[in-house]
Every structure is written in structure tokens, then in C-alpha cells.
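Student: I should like to go through this model and ask how each descriptive term is justified.
Tutor: Please proceed; each value will be set against its definition.

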Amino acid sequence: MTPPRNREELTLTLGEPAHGGACVARDDDGRVVFVRHGLPGEKVVARVSATRKRLAWANVIEVLEASPDRVEPAWPQAAREKIGGAELCHVRPAAQRTWKEDVLRGQIRRVGGEGLAQAVDSIGGVHVQACPGDEDPDDLLLHRRTRIELVADKDGRLGMSRYRSNQVVALESMPLAVDALCEIGLFDGNDSRWLTAWGPRDRVRAVASTGGDIAVVTPSGTYDGQGKPLDREKLRWVVEPDPEPFNVRPSGFWQTHVRGAQVLSDAVRRLAGQGSAAMELYSGAGLFTRSLAGAFGRVVSLEGDDGAVEDAALNLGGAAHVETFIGDVDHQGILDLSNELQSHADVVVMDPPRSGAGDEVCQTVAALGSERIVLVSCDPAAGARDLRTLTEGGYRLTSLEAWDLFPHTHHVEFIAALEKD
């Protein structure tokens, strides 16, 4: 992919949304152009930012005919500076969910195949739900993110990069972050709490847990909201109805949306059902493992990150009927985990990274012959590919639930349940 020499400008009518946050259009020569910061049906002027063979990428610079779903950007600086991570902030929240439905439906058909698309239609089709608390059509969906990833510019000011660029834009504010992160002065270059906490080009993670903890992770150390060394190794995350909080390293993974863990945990608990034995792959810090532990007589889990497995062991409180294992989630790792279970698994729960589980893992899981499989996916294309492999391996899709856990971005999370034919 190369930047165009003349920064050409095109007048385009935008078509359907594509996976990745752009709308598809064609210029007068028939070239496909992926246009960000527009909406389906709009007529716009777009400036080309990159080209490759018969493809181009462009950003809207002027709207000639606006969609009724266009609103004032929820995060004005992100829209103005083309900062990544807020590519749909100009779209009415309900229309963002429609956008994601169209993309998920399209990826299921294109990547998963016609058979999978028909299976999805037969169980009610694709519907992206608002996260609990996000249903109000007039809500701008600000202050939902509990974690933000930042980078300091050459002057040490925290910011984010422009989309497909290494150029750092110093942030004036971050209205998508929860209030606790907005109140600690991260974007005030004169705040004495942070004058020596990071330097130019440093990467900084800021986290505010639902348990009331704040951590600012920098190359020089981890600090609390006052800029003092953090006095605890784990952050507490409250997920109802669990009476005990989850404990996760500040550098570890947890759902970003303030209610994301709650939504997914509830869904896995419901779709996994009950039984004598369960297997979990890509188990992370034990969010789903704890749900399975309350419903199955024996649970084994597999995760490749040592720190996450350490967190999971703590979060499971030493339950005798649950074992957490460290290892690669691949063909041999899954067979070894199955041997550790020493019985037939009633359900396999898998929550792979954005790239998906892949054919080898899905084929191995299908060959185990469990009655149910629950797949959690945060990428429409990868998730559709995994579903296709599982259904080709002898499983029938029985449920597909999707949520907008990433407002103002193109990302969408879904959980699929499958049963053995």
C-alpha cells in the first residue's frame, strides 16, 4: 500500500459498510474505494490516503448530501484529526448497531458461506444489541471505556495515532473513557502528578476498574490516580452476581466496556448450560471459568499467557474441581487438555483472539464430539471462518447473539452456540 502522489480528491456516493470501518464506493474508473468517516448513501468529497493496484483508501473531507443518521461527532477531536479508535463517532448510536449488523451479516455470507448464512437466518438472523445501560437513543455513549492505550508525542504529551499512521496527536481530552480516567489529569501537560512518569514516545496504559482501582502503566512503573506507585499488584473487577471481585494485573486483559464482562459472562453461563464436565480454551483471567465452575462438576482450561493463568488461579479461589493449564492452544494442547479431563466434555467454550481460533483448533474441537460448543468472537470475519469450520465438522448453529461493546468503533462482539448433529 502506497500513499498517492497527488492526494487526489473524489466525489463519491457511498455504498454498504465494509469490515474495518469504511464504506465501499467506486470512482468514475470503477476502482473500489474504501471511505472512512462517511455513511451509506451519502454523497461526499473524499481525499485518497493510500492506493494498491485497483483499490484505494480515502477520508471524507466534505459531505455534500448527508445521511439522516449523521450526528455531531461524540468525540470532536477524533473526527477532526482522524484519530484511530473512534471511526464511527459521527454516526447515531442506533445506526452504529445497524452498521455492525450489516457487516456481521455480510461476513457470515462471504466468509462463512451460503450454508452458514442460511443457518443464521433460520434462527432469527443477525441483531446487534446495545449493552445494558446503552439503550437510550439520545445517549451519546460517552465514558464507557475502562482502559485506554496511549503514546507520548515528542514533547511528552499523551495522545493517540492517526489511523494507519505513526503520527501521534496529543489529546485535548478523552470523552470515551470512564469519568475516573478523565479526572486524573493525563492530558494536562502541567499536571505535577505526571511530569516524570513517562517520556517522549513512551507507551502508557490507563485503567480504571469497576472495583474502584486506577492504574497508569508506564515504562518507569505503575502508578495510582495520584501519580504515586501503585500499592497493589492486581486490579479488582466487580461482575455481578459474583460475590467476589475478579483480580487482574494492570497489564492484563479485561473487557474494555464498563459492562462488557457482565454481558459476556451472563451469555456464556446461559449458553454453556450445566453438566458433569467442561473444557475452556483461551481462558484468560478466568472470567468464563468461574461461570463454568458453578455449573459443571469438573472444569479444565487452557491459556498461553502465564500471567493470565496466575490471575485465573487466584480468581477461582482454589476450587478443587477446576484446573487451569498453561500452554499453546493447538491440536496437541487440546488433546492433552482432554486427557487431563479424564472424561467426555459436555461443552467446550472458546474465546480466541481477534485473529480467530483457526481451522486446526476448530477441527480438533469438533473431533472431540462434545454435545455443545460456545464460541466467543470479537471479529466478524474470523468468527465467521471459525463457525464455518465447526459446522462443517458436524455441528449445528443454535444461537447467535451480538453486542455493541465498542461504541464509536467498527468492532462488535458475538457469541455463538452450536450443538452436535
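Student: Which residue does the UniProt annotation "active site" cover?
Tutor: According to the unreviewed UniProt entry, C378 is covered by that annotation; such annotations may be inferred rather than shown by experiment. This is a predicted model, in which local features need pLDDT of at least 70, side-chain atom pairs count only at pLDDT 80 or more, and totals for chains, interfaces and linings use all residues. Residues are numbered from 1 along each chain as its sequence is written, and side-chain values use heavy atoms, with hydrogens and water left out.

Student: Why does C378 count as buried?
Tutor: Buried means under 20% relative accessible area, exposed over 50% and partly exposed in between, with a 1.4 Å probe and protein chains only. C378 has 13% relative accessibility and therefore counts as buried. C378 lies in the loop between strand 20 (372-377) and helix 10 (380-392).

Student: With which residues is C378 in contact, leaving aside its neighbours within four places in sequence?
Tutor: They are R354, V412 and E413, where contact means heavy atoms within 4.5 Å.

Student: Why are helix 8 and helix 9 called roughly parallel?
Tutor: Angles under 35 degrees count as roughly parallel, over 145 as roughly antiparallel, 65 to 115 as roughly perpendicular and the rest as oblique. Helix 8 (residues 331-341) and helix 9 (residues 359-368) pack at about 25 degrees, with axes 9 Å apart; helix 8 and helix 9 are therefore roughly parallel.

Student: Which residues of helix 8 meet helix 9?
Tutor: H331, I334, L335 and S338 meet E360, V361, T364, V365 and L368 of helix 9.

Key:
Axes fitted to C-alpha atoms, helices over the stretch in contact; angles between N-to-C directions. Helix = DSSP H or I, 4+ residues; strand = E, 2+ residues; numbered from the N terminus.
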